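Biologist: I should like to go through a protein model step by step. Please show it, and then let us reason from its atoms together.

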Amino acid sequence: MTTIDEIRDNFELLEEWDDRYRYVIELGRTLAPMSEQEHSAANKVQGCASQVWLSRQLDRSGGEPRLTYLGDSDAHIVRGLIAILLTLYSGQTPQQILATDAIAVFDEFGFREHLTPQRSNGLRAMVERIRSDAREALAAAS
């Protein structure tokens, strides 16, 4: 599993955006496969130009609950964005998820200038979906 620091380091090594796009697409190829059942209306993220699915598991076995995700998209670049998001969020506690500003990380990588408005809106929709899951998990735990 790639860490966000490894992704950050690789981004710094790649100066050209064509190379960065290829790297993001490569990251998307590392996503664990989702079953057909998980490609459901309930897992579909609204507000994305591409088809995007996020499937979550809530694991309460280790004391603090942790949210684990699978993600998929019909667009290669979006699969890569999902891979980066899941690197940040999957396996984290709801508090950790809510304390992590994924949009700031994507901005740090330079995506704000290099994503279309539709892709940026889709990215925000995916982040909001995960943050909403975290708020739900916190509410259920209290």
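The questions and answers below concern this model.

Biologist: What kind of model is this, and which pLDDT is needed for local features?

Modeller: Residues are numbered from 1 along each chain as its sequence is written, and side-chain values use heavy atoms, with hydrogens and water left out. This is a predicted model, in which totals for chains, interfaces and linings use all residues, side-chain atom pairs count only at pLDDT 80 or more, and local features need a pLDDT of at least 70.

Biologist: Which residues of helix α1 are buried?

Modeller: Helices (H or I, at least four residues) and strands (E, at least two) are DSSP runs, numbered from the N terminus. Buried means under 20% relative accessible area, exposed means over 50%, and partly exposed lies in between (1.4 Å probe, protein chains only). In α1, which spans residues 4-13, the buried residues are I4, I7, R8 and F11.

Biologist: Why do the buried residues of α1 line one face of the helix?

Modeller: An α-helix has 3.6 residues a turn, so residues three or four places apart point the same way. The arc is that of the directions from the helix axis to the C-beta atoms. Seen down the axis of α1, the buried residues line one face because they fall within an arc of 100°.

Biologist: Which helices are included in what covers the buried residues of α1?

Modeller: Contact means heavy atoms within 4.5 Å. The cover over the buried residues of α1 includes α2 (17-29), α3 (76-89), α5 (102-108) and α6 (111-114).

Biologist: Which residue meets D5 in a salt bridge?

Modeller: A salt bridge is a side-chain nitrogen of Lys or Arg within 4 Å of a carboxyl oxygen of Asp or Glu. D5 is partly exposed, with a relative accessible area of 46%. D5 and its partner are three residues apart in α1, so about one helical turn separates them. The N to O distance is 2.8 Å, and the partner is R8.

Biologist: Which residues are linked with D5 in a network of salt bridges?

Modeller: A search of the whole structure finds nine salt bridges. In one network, D5 is linked with R8 and E108.

Biologist: How many residues apart in sequence are the parts tied together by R56 and D133?

Modeller: The salt bridge between R56 and D133 has its closest N and O atoms 2.6 Å apart. R56 lies in strand β1 and D133 in helix α7 (residues 117-141), so the pair ties together parts whose separation in sequence is 77 residues.

Biologist: Is D133 buried or exposed?

Modeller: Its partner R56 is partly exposed, with a relative accessible area of 35%. D133 has a relative accessibility of 5%, so it counts as buried.

Biologist: What is the N to O distance between R79 and D72?

Modeller: Both R79 and D72 are buried. Their side chains meet in a salt bridge, with an N to O distance of 2.2 Å.

Biologist: With which residue does S50 share a side-chain polar contact of 3.0 Å?

Modeller: S50 is in the loop between α2 and β1 (52-59), and at 13% relative accessibility it counts as buried. A polar contact is a pair of N or O atoms within 3.5 Å; within protein, one must be able to donate a hydrogen and the other to accept it, and residues adjacent in sequence count only if both atoms are side-chain atoms. Not counting residues up to four places away in sequence, S50 touches S73, D74, A75, V78 and R119. The side chain joined to S50 by the 3.0 Å polar contact is that of R119.

Biologist: Which element supplies the largest share of the largest nonpolar core?

Modeller: In soluble globular proteins, nonpolar side chains tend to be buried together. A nonpolar core is a set of buried Ala, Val, Leu, Ile, Met, Phe, Trp, Tyr and Cys residues joined through side-chain atoms within 4.5 Å. The largest here has 39 residues, and those with the most contacts inside it are I84, L85, F111 and M126. The largest share of this core, ten residues, comes from α3.

Biologist: Which residue of β2 is the bridge partner of Q57?

Modeller: Two strands pair if DSSP finds at least two bridges between them. Eight bridges join β1 to β2, and these strands run antiparallel. The bridge partner of Q57 in β2 is T68.
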